[in-house]
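Let's take a friendly walk through a protein model together. Have the sequence and the 3D view open, and look up each place as we come to it.

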Amino acid sequence: MGAGKLQVALYWGAACGGCDVAVLDTNEFILEVAKVADIRFWPIAVDGKYQDLEAMADGELDLTLFSGAVRNSENEHIARLLRRKSKLLVAFGSCAHLGGIPGLANLSSREAILATVYQGGPSLEPGSSAVPQTVTAVNGYELELPAFYPRVYRLADVVDVDYFVPGCPPAPAQVKSVLLAVVKGELPARGAVVGAGERTVCDDCTRTKSAKAVKRFFRPWEIIQDPERCLLEQGILCLGSATRSGCGVRCPNSNQGCRGCYGPAPGAVDQGAKFLSAISSIIDSKEPREIEAILGGLPDFVSFAYRFGLPASRLQRRHGG
Amino acid sequence: MSYEPRIVGFLCNWCSYTGADLAGTSRIQYPANVRIIRVMCSARVDPTFVVHALAEGADGVLICGCHPGDCHYSEGNYKTMRRYPLLKRLLAAYGIEQERVRLEWVSASEGQRFADIVADMTERLRALGPCRVRSGLEADLLTR
């Protein structure tokens with residue numbers, strides 16, 4: 001442990017590990033980080049135990065990058081532990097920031113998810129009814145599993161978060177700028193979204209935009225697209241108008257519609273509702289029936305509109321009761 | 001105390017608000033459950049407003065605009081017409097009953113029609129009970 005070095009931890013809750021890879025995608029810059037920082041805890045890359053974390057003094061860590069949503073009791077326990085041990089806790093990536101892809105599970109109840117996975121799966125033994133329990137007795141021992149929560153939470157739903165870094169995953173250049181800001185102590189006011197822009201993806205996109213009027217929506221494979229023209233004008237769903245900038249327009253530049261991973265644009269209350277407004281206004285019809293037919297070409301619209309941020313929506317589905 | 005549904009009503013300035021005004025000046029009785037917000041056009045009602053109203057505790061949202069073809073801004077109500085089906089789909093995904101959000105065309109001369117719509121919607125919402133999305137997350141965090 002070097003004297004005066006920044007004490008850093010990285011953790012993943014309900015996450016795929018892509019955010020950890022995004023840190024490594026800063027390439028040789030990571031070696032510069034190693035000169036000024038000690039990595040004290042990083043399950044995906046460094047050997048360590050939860051006990052090591054518990055043994056640390058409160059506030060011993062200068063910075064924790066927490067990726068992943070809070071899905072179960074283990075995620076929550078470590079989130080609370082890291083909050084206590086860290087001077088700066090950063091929600092890193094879409095899942096910690098807004099709930100991310102795991103957050104789409106909030107459209108289903110816990111019971112329905114467990115039944116689908118453990119009782120209805122086509123590869124299961126017929127009649128199987130084994131569902132994970134938090135405590136199971138085996139040969140006189142008690143085995144424990146984390147409790148699976150009824151819904152997926154953002155990190156900020158569970159603990160106080162100092163900064164938010166959006167992205168699935170955060171763009172390496174943004175990761176770099178955030179780490180530099182921490183090292184130099186040039187962070188904005190607490191609670192800010194850092195490592196992102198203050199505009200929309202549309203504002204940064206260089207495709208030509210003209211009048212928007214579509215008669216049909218296309219899945220990307222159903223159409224040969226014009227690489228210069230706005231994707232939405234071509235009937236290809238693109239969340240750019242409702243999404244915060246800062247990613248470098250990665251998806252539209254790769255001929256894919258924006259998926260909205262940088263979260264709601266500054267000032268937007270609800271990313272999905274905002275996108276709904278944009279998408280409906282480009283439909284070229286004044287006939288309710290025809291409008292319905294055109295909208296029929298948008299399968300699973302809700303999952304699309306909230307792909308990375310369902311738990312951040314103003315509305316929350318309640319199951320039962 | 002018996003349950004009284006709270007309805008947020010977004011009324012366009014040119015037709016529906018004037019229609020509601022006519023209901024008033026004609027002394028037509030209708031339930032006081034609707035809280036009217038005048039907007040310049042039904043197209044001004046961003047779906048975010050509806051989401052916000054429900055999240056803040058409204059039991060229903062009523063959007064009223066000029067009849068198709070009659071929009072003061074020629075195309076505004078068509079935008080509203082296009083948004084509505086998708087908004088309904090969005091709300092359905094959250095488990096919000098279809099009756100809670102309603103789009104109606106009310107002209108400046110349809111005071112009686114406005115009163116009837118409010119009366120009908122109030123009764124439907126009374127039967128449904130309070131909107132369940134109210135502070136859903138907070139309730140969950142406590143009972144988890």
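The report below goes from domains and chains to a core, a helix and a few single residues.

**Before we start**

This is a predicted model, in which local features need pLDDT of at least 70 and side-chain atom pairs count only at pLDDT 80 or more, while totals for chains, interfaces and linings use all residues. Residues are numbered from 1 along each chain as its sequence is written, and chains are lettered from A and ligands numbered from 1 in the order in which they are written.

**Two domains in chain A**

Chain A is assigned domain 1 (6-102 + 152-184) and domain 2 (201-312); such bounds come from an automatic or database domain assignment. Between the C-alpha centres of domain 1 and domain 2 of chain A there are 31 Å. The contact takes 14 residues from domain 1 of chain A and 14 residues from domain 2 of chain A. Two residues are in contact if their C-beta atoms, placed from the backbone, lie within 7 Å.

On the side of domain 1 of chain A that touches domain 2 of chain A, the elements giving two or more residues are α5 (94-98) and β8 (148-153) of chain A. Helices (H or I, at least four residues) and strands (E, at least two) are DSSP runs, numbered from the N terminus. The largest share of that side, three residues, comes from α5(A). By type, the residues of this side of domain 1 of chain A are seven nonpolar, six polar and one charged. Here Ala, Val, Leu, Ile, Met, Phe, Trp, Tyr, Cys and Pro count as nonpolar, Asp, Glu, Lys and Arg as charged, and the others, Gly among them, as polar.

**Where the chains meet**

How many residues does each chain give to the contact between chain A and chain B? Chain A gives 28 residues and chain B gives 28 residues. On the side of chain A that touches chain B, two or more residues come from each of β8, α11 (271-281), α12 (288-295) and α13 (301-305) of chain A. α11(A) gives the most to this side, with eight residues. The side of chain A that touches chain B has 14 nonpolar, five polar and nine charged residues.

**The largest nonpolar core**

A nonpolar core is a set of buried Ala, Val, Leu, Ile, Met, Phe, Trp, Tyr and Cys residues joined through C-beta atoms within 7 Å. A residue is buried if 20 or more other C-beta atoms lie within 10 Å of its own, exposed if 12 or fewer, and partly exposed in between, with C-beta atoms placed from the backbone. The largest core has 130 residues, and those touching the most other members are Phe66(A), Val90(A), Ala91(A), Cys12(B), Val50(B), Leu54(B) and Val61(B). Helix α3 (residues 76-93) of chain B gives the most to this core, with eight residues. Domain 1 and domain 2 of chain A both give residues to the core, so it lies between them.

Leaving aside neighbours within four places in sequence, the contacts of Ala91(A) include Phe66(A), Leu155(A) and Phe164(A).

**A helix with a buried face**

Helix α4 (residues 111-128) of chain B has 18 residues, and at 1.5 Å a residue (times one less than the number of residues) it should span 26 Å, which agrees with the 26 Å between its end C-alpha atoms. Among the buried residues of α4(B) are Phe114(B), Ile117(B), Val118(B) and Leu125(B). Seen down the axis of α4(B), the buried residues fall within an arc of 160°, so they line one face of the helix; the arc is that of the directions from the helix axis to the C-beta atoms. These buried residues of α4(B) pack against β1 (7-12), α1 (16-25), β2 (34-39), β3 (60-65) and β4 (101-105) of chain B. Just after α4(B), Gly129(B) has a positive phi of about 90°.

**Some single residues**

Here are some residues to find in the view.

| Residue | C-beta atoms within 10 Å | Exposure |
|---|---|---|
| Lys35(A) | 8 other C-beta atoms | exposed |
| Val249(A) | 18 other C-beta atoms | partly exposed |
| Asn255(A) | 13 other C-beta atoms | partly exposed |

Lys35(A) sits in helix α2 (residues 29-36) of chain A. Val249(A), with phi near 55°, has a positive value in a residue other than glycine. Asn255(A) is not a glycine either, yet has a positive phi of about 65°. Finally, the peptide bond from Cys168(A) to Pro169(A) is cis, with omega near -10°, and Pro169(A) lies in the loop between β9 (163-165) and α8 of chain A.
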